[in-house]
Amino acid sequence: MTTPTGEAVIDDGPWALGRPRDEGRLGDTVRDRVARELRDRVLTGAYEAGARLELDALGLELGVSRTPIREACLALEHEGLVTVAPRSGVTVVGTTPQEALDNFRLMARLSGFAAELAADRRTDDELAAFGAASARMRDEAAAGRPIAEANWRFHRDVHRACRSRRVISLIAQAGRSIPRTFLEIFPEHVPCALDEHDELVDALRAGDGERARHVTERHYAVPAELVSRLLGPVG
């Protein structure tokens with residue numbers, strides 16, 4: 001990863017050779033991928049508040065042109081994470097530890113409600129897919145491979161099983177405030193996360209909505225605290 005001022009680094013991260021790990025996601029654009037990468041850096045404190053982002057340096061690092069980077073920054077400005085000015089360029093606004101806690105808590109409530117609905121509305125095929133995805137993540141983690149994107153897809157599919165367009169839309173909005181790279185930043189949390197995935201699948205299989213909601217809300221509790229501490233003291 002480069003610094004906001006564009007200092008050179010070894011390009012061995014998710015954007016090595018200009019190709020993100022999740023390249024090929026349906027509907028993705030270069031701007032979407034850049035925005036996702038920059039958003040995660042801001043939300044995890046890799047870019048501190050007040051830091052200046054150099055578009056040309058970012059373009060060299062990510063292997064993309066200046067245009068999608070500027071478009072991504074405009075999207076992040078709309079989310080309140082950066083400011084874009086004609087003369088002063090792009091400045092990081094960042095997020096506070098309290099905001100990080102609030103973001104995770106909101107996501108926990110919405111995702112928990114979706115899981116509660118999914119326990120009653122999921123199909124047998126979806127249930128089989130949830131179990132297979134959970135098992136596949138265990139294999140990937142055991143092999144030392146990253147599971148951040150697989151984790152995101154697992155939760156996305158559970159959300160979709162709630163069959164509520166309104167709930168899914170709200171989760172999509174709230175999800176932009178949750179760093180997708182959490183499990184890569186805190187790999188020690190992976191075993192716990194995988195156990196909770198199995199618990200959630202069991203609850204969905206049993207049609208136990210209350211348990212599915214409880215497991216899902218608990219699933220976000222530790223990440224909330226860890227990310228908040230990463231950003232600094234609350235208050």
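The following legends accompany an overview and several close-up views of a predicted model of one protein chain.

**Figure 1. Overall architecture of the predicted protein chain.** The secondary structure of the chain comprises 11 helices and 3 strands. Along the sequence, these elements occur in the order α-β-α-α-β-β-α-α-α-α-α-α-α-α. The chain has 235 residues, of which 46% are buried. Its exposed surface amounts to about 12,200 Å², with 51% supplied by carbon and sulfur atoms. Of the contacts between residues at least 6 apart in sequence, 72% join residues at least 24 apart.

**Figure 2. Confidence along the chain and the segment of residues 1-26.** The mean pLDDT of the protein chain is 87, and 88% of its residues reach 70 or more. Over residues 1-26, however, the pLDDT is below 50. This stretch nevertheless has 45 contacts in the model beyond near neighbours in sequence. Where pLDDT is low, predicted coordinates should not be interpreted in detail.

**Figure 3. Helix 2 and the elements that cover it.** Helix 2 spans residues 55-62 and is mostly covered, with 6 of its 8 residues buried. The buried residues are Leu-55, Ala-57, Leu-58, Gly-59, Glu-61 and Leu-62. Their cover includes two helices, helix 1 (30-43) and helix 3 (66-78), together with strand 1 (52-53) and strand 3 (89-92). Gly-63 follows helix 2 and has a positive phi, near 75 degrees.

**Figure 4. Ala-108 of helix 4 and its partners distant in sequence.** Ala-108 lies in helix 4, which covers residues 97-121. Its relative accessible area is 8%, below the 20% limit, and Ala-108 is therefore classed as buried. Apart from neighbours within four places in sequence, Ala-108 is in contact with Glu-217 and Tyr-220. A further pair for inspection in this view is Ala-108 and His-219, whose C-alpha atoms are separated by 7.7 Å although the two residues are 111 residues apart along the chain.

**Figure 5. Asp-120 of helix 4 and Gly-207.** Asp-120 also belongs to helix 4. With a relative accessibility of 66%, Asp-120 counts as exposed, because this value is over 50%. The C-alpha atoms of Asp-120 and Gly-207 are 5.6 Å apart in space, while the two residues are 87 residues apart in sequence.

**Figure 6. The contact between helix 10 and helix 11.** The axes of helix 10 (residues 209-219) and helix 11 (residues 221-231) come within 4 Å and cross at roughly 15 degrees. Since an angle under 35 degrees meets the criterion, the two helices are therefore described as roughly parallel to each other. Helix 10 contributes Glu-217, Arg-218 and His-219 to the contact, and helix 11 contributes Ala-221, Val-222 and Pro-223. By residue class, the contact consists of 3 nonpolar, 1 polar and 2 charged residues. Glu-217 of this contact also touches Ala-108, the residue shown in Figure 4.

**Figure 7. Arg-163 in the loop between helix 6 and helix 7.** Arg-163 is placed in the loop that joins helix 6 (148-160) to helix 7 (165-175). Its phi is positive, near 65 degrees, in a residue other than glycine. Most residues other than glycine have a negative phi. The relative accessible area of Arg-163 is 42%, and the residue is accordingly partly exposed.

Notes. Residues numbered from 1 in each chain as written. Predicted model: local features only at pLDDT ≥ 70, side-chain atom pairs only at ≥ 80, totals over all residues. Heavy atoms only, no water. Axes fitted to C-alpha atoms, helices over the stretch in contact; angles between N-to-C directions. Parallel < 35°, antiparallel > 145°, perpendicular 65-115°, else oblique. Contact = heavy atoms within 4.5 Å. Nonpolar A, V, L, I, M, F, W, Y, C, P; charged D, E, K, R; others polar. Buried < 20%, exposed > 50% of the residue type's maximum accessible area, 1.4 Å probe, protein only. Areas by Shrake-Rupley, 256 points an atom, 1.4 Å probe, with all protein chains shown as cover. pLDDT = per-residue confidence, 0-100.
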